[in-house]
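Student: I have the model open and would like a close look at one part of it. Could you take me through that spot and then carry on to other places worth a look?

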Amino acid sequence: MAPNSVPLPPGPAPTAPPLSARERAAGKGEVDGLLVQSHLERLGLAKSPVRPLSARKLVRPQPAGRNTARSTGTSGFRAANAASMTAIAVTGAAKEHQQLLATIEREYWQDLRRIDDAGSWIIDGVSSPEPKEVKEGSHPAGLAESDDGEARISRPNHRVDVAKALGLPNEILDALLAGKCRDSKFAATSERKRRFASFVLYNCAGEKFSLEQSSLGPEAAKAVVMALALCSRFKYLSLSCNGLGDEGAATIGLALKQNQLVEVDLSANDISSKGATAILENLRHNTSVQSLDLSSKPGALRNRLVARANSRPLEDLLQHNRTLTKISLSATGLGPEGASGLARGLVGNNTLLSVDLAGCDVGSKGSVFIAEALRSCSLEELNLSENHVGDEGLLSLANALGALPLTAEEAKKNPAWVGPEAIKATSKYMEALSTLKREIADVTLSDLKEATDTEHRRNGLAKVREAAANLMIAVRDAEVKLPRLKVLQLANNVGTKTGYSRLEDALQANYIMERMNLDHNDHGRGNADGSLDSIIICLAANTTLRHLNLGNCNLSRASLINISKALAVNKGLCTLSFAGNIFDVEAASMLGATLGGGGVQALKFLNLSSCHLDDAAGAKLAAGLATNHGLETLMLRNNCLHEASASVIAEALQRNTSLTCINLELNSLDVKALVKVNQLLARNAKIRERALPDVYRARIAQLQGFEREAEILQTVLRRNHFRKRVALWKQAAKCQELIDTKEQEKIRQQECDARIEELSHAAANVEEEIQQLDAKLWQLRLDGDFETQQLRHKIQTVEDKIKVKEKNLQKSRQDMEIFESQSSAELQALHEELDRALKGENSAALLASTAQRNLDSFSASLKAVMEDVAGGDDPRQRFKEQKESAKSGKDKRGSRPRSARPHSARRK
């Protein structure tokens, strides 16, 4: 185990980690970690149950061949995902952690075999990323502050252990370097490792894991996931301008299942709809990521989203995720269908605050969908620049932002006032609107110059303020549900005066909008008279708009003059851009009078670049700057100013103490005048600095100390340049070796060409055989189709017979049911008859038994008197005896008296 690895608790030595498919194919032992398998089962990646560790044989890994060294490394990657699970006990997790590191070491051993100090990440030079407290006013040598607010120590000739500084094991950094080399298709060397270590140390020292423009691909993405899984310190992931592709995006998506990262930047990574779907689906139930960037940048590695494939995942993400606050999809080709899915997801979403859809070909149809969803979500920032929104989309956005009806017909279709006073309120609003337009048109240059004079309170400017107040009173009574949108970017969209006017009308009633960008939108298109009443009215009446960009809008002279008049009563605008609009002397005079007359008191930034300002216009503008006390930055880049203008500006700065920055680049100015202007600006900066609180001055001094540290770093950089020259000398020697190698490669190429020619002939023969087989296959298909038809006919016949049989069977079943019902009735009758017969039988049996008893009694009686009965029990004997007795009686009748006869004879 590396010396900078995470210490393990006391206990038995852990077993070896699981081997990859490449190692198992090479005959090596097979082991798996329980933590790995449990995590894979949760992810649905486990294909078979794991055998217990005791049933496996541990074999020490042996170096594999060159071909097998280029495997995908899925086992190490999956083991990294498993290491992210924290629900396992500390001892078991530590064992699995060591198994993971051993697996990674085996996986990338072949890629790092050319490095002399493989396994060690100690380099000369640059940083110690542990956060250190920096006291105000103290600037020790070698201390600098990074972008993320963490202090870094920069000491020449100081050896730094990169792995220890980043809090990552050496094996993870090896995997990151090997993956990068695999993706770039070059071998890992010691020099590449040293440069990569310095790069990683500089960009990944704080909470941000940033490897932008590093040629990372799918293999390196696996190592990134390992680093995120093993180090919970990283909160920000930035991998923009790499070549992750769909495979790498799917890999990064697995890391998003953890609730660790806060911001994810995957812009310009050649991600298509498949990879984007994986990212969106894995973020669906994430509860930590707040910002997601899948936008594209100019170049070859553009992210490409397909509406048919990504519309549904995007909708599901916004419906289920409750932590995402910002999503950027600019220049991804989302289209109207994708915008429709996005709009459906926005409905009911109360967490998403910013959406960037610039250059997504949303069109008017898609912008209509988004406009309908604005009032049902919490969106605060929307970028629809370069989407060809058109008038239809602009009108939909204007209605969603609270544009009030301007005519009686519009009021009937979309009433802004309800109740019995609706008609009266509508007419009051329209009257106030026309009054404000008339009063702004009546304002003159003298009114602007006299705006601060208390003796002229009833001049034209005061009337404008009064008309604007009346308009605000009329607007306040309107019942319009406003969205939460604060920033709207609509630069470079195709529209006419109709669409832009309604959008600007919405600012009259919208008190939530703070920033609007209408850059590169031709306001002169469809505007024959050149008037822009809508933007003029909104500037005079709106008090919440802070930033407005009207650059390159083709504003006419009359429009610029009226806008300057409206600015005189505006109290909220902080930044304003007129870049690219042509200012003549009259327009510049009006703007200068507005600036010098106390108007636009909150204005801090004014951009007049590329406005064709000449010396006369510059002098009028400078005259207003002399009495202005609010403007801090003035952009006059790329105009037609000369030495005279510079002198006038310098004279104005003698009186102006608030202006600290003037950009006069690309003007024909004298160096002396520029020096004088810069001196006066420096004076104003010092005056402003003195007015700042002490804490701000301390912070500025601290930043100056950091600037000195930057100078020290420049010295280190020069030393590194010298080392670079030495490396170039060594490179020249290597180049000569490369030339020799190319000559040998040329000979091998010739041999390969000959071999390829042989293979081509063999391929032609195979192609002929394939054609013959195709012909046979076609014939077999014909025969098969014929036989199939025959079989289908037979099947149909059998099915018809089956139907007939089924009908007969059904009829038989019905007959059987009838028979069963009849037989059951008859059987019941027979049972009743049988019962009666059994009862009769029982009665007969009783009678028979009684008769038998009587007969037995009679027999007994008969036997008792049998002796006295003639013949006994034989009747024939009785008759015989009677005859004999009768005969004997006749013989004795004469000799015996009657009374002497026997008793039995007398009875008879």
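Student: Where is Ser 215 found, in terms of the strand and the helix around it?

Tutor: Before you zoom in, bear in mind that this is a predicted model. Ser 215 sits in the loop that runs between strand S5 (208-210) and helix H8 (218-230). Take a look at its backbone: phi of Ser 215 is near 60 degrees, a positive value in a residue other than glycine. That deserves a second glance because most residues other than glycine have a negative phi. As for cover, Ser 215 has 45% relative accessibility, so it counts as partly exposed.

Now hop along to His 612, where phi is also near 60 degrees, again positive in a residue that isn't glycine. His 612 lies in a loop too, between strand S16 (605-607) and helix H23 (615-626). With a relative accessible area of 49%, His 612 is partly exposed.

While we're on loops, try Val 494, which is found between strand S12 (487-489) and helix H19 (497-509). Val 494 is partly exposed, at a relative accessible area of 35%. Here the chain brings distant stretches of sequence together: Val 494 and Asn 387 are 107 residues apart in sequence, yet 8.1 Å apart in space, C-alpha to C-alpha. If you set aside neighbours within four places in sequence, the contacts of Val 494 include His 388, Val 389, Gly 390 and Asp 391. Tyr 500 and Arg 525 are in contact with Val 494 as well.

A pair of charged side chains links two further loops. Glu 665 forms a salt bridge with Arg 637, and the closest N and O atoms are 3.1 Å apart. Glu 665 is in the loop between strand S18 (661-663) and helix H25 (671-691), while Arg 637 is in the loop between strand S17 (633-635) and helix H24 (643-655), so the pair ties together parts that are 28 residues apart in sequence. Both ends of this bridge have some cover: Glu 665 is partly exposed at 44% relative accessibility, and Arg 637 is partly exposed at 34%.

For salt bridges within a helix, go to H11. The structure holds 14 salt bridges, and one of them joins Glu 315 to Arg 312, at 3.5 Å from N to O. Those two residues both lie in helix H11 (residues 307-320), 3 residues apart, which is about one turn of the helix. Arg 312 also forms a salt bridge with Asp 316, with the closest N and O atoms 3.7 Å apart. Arg 312 and Asp 316 are 4 residues apart in helix H11, so about one helical turn separates them. Check the cover on each residue here: Arg 312 counts as exposed at 52% relative accessibility, whereas Glu 315 is buried at 6% and Asp 316 is buried at 16%. Arg 344 comes into the picture as well, since Arg 312, Glu 315, Asp 316 and Arg 344 are linked in a network of salt bridges.

Last stop, a set of acidic residues: Glu 767, Glu 768, Glu 769 and Asp 774 form a negative surface patch. Pick out Glu 769, which lies in helix H26 (residues 694-866). Glu 769 has a relative accessible area of 48%, so it is partly exposed.

Conventions: Residues are numbered from 1 along each chain as its sequence is written. This is a predicted model: local features need pLDDT of at least 70, side-chain atom pairs count only at pLDDT 80 or more; totals for chains, interfaces and linings use all residues. Side-chain values use heavy atoms; hydrogens and water are left out. Patches are made of residues with over 30% relative accessible area and no salt bridge: like charges are joined within 9 Å, nonpolar side chains (Val, Leu, Ile, Met, Phe, Trp, Tyr) within 5 Å. Accessible areas come from the Shrake-Rupley method with a 1.4 Å probe; for residues, only the protein chains shown count as cover. A salt bridge is a side-chain nitrogen of Lys or Arg within 4 Å of a carboxyl oxygen of Asp or Glu. Lys and Arg count as positive and Asp and Glu as negative; His and the chain ends are not counted. The place of a charge is taken as NZ of Lys, CZ of Arg, CG of Asp or CD of Glu. Buried means under 20% relative accessible area, exposed over 50%, partly exposed in between (1.4 Å probe, protein chains only). Contact means heavy atoms within 4.5 Å.
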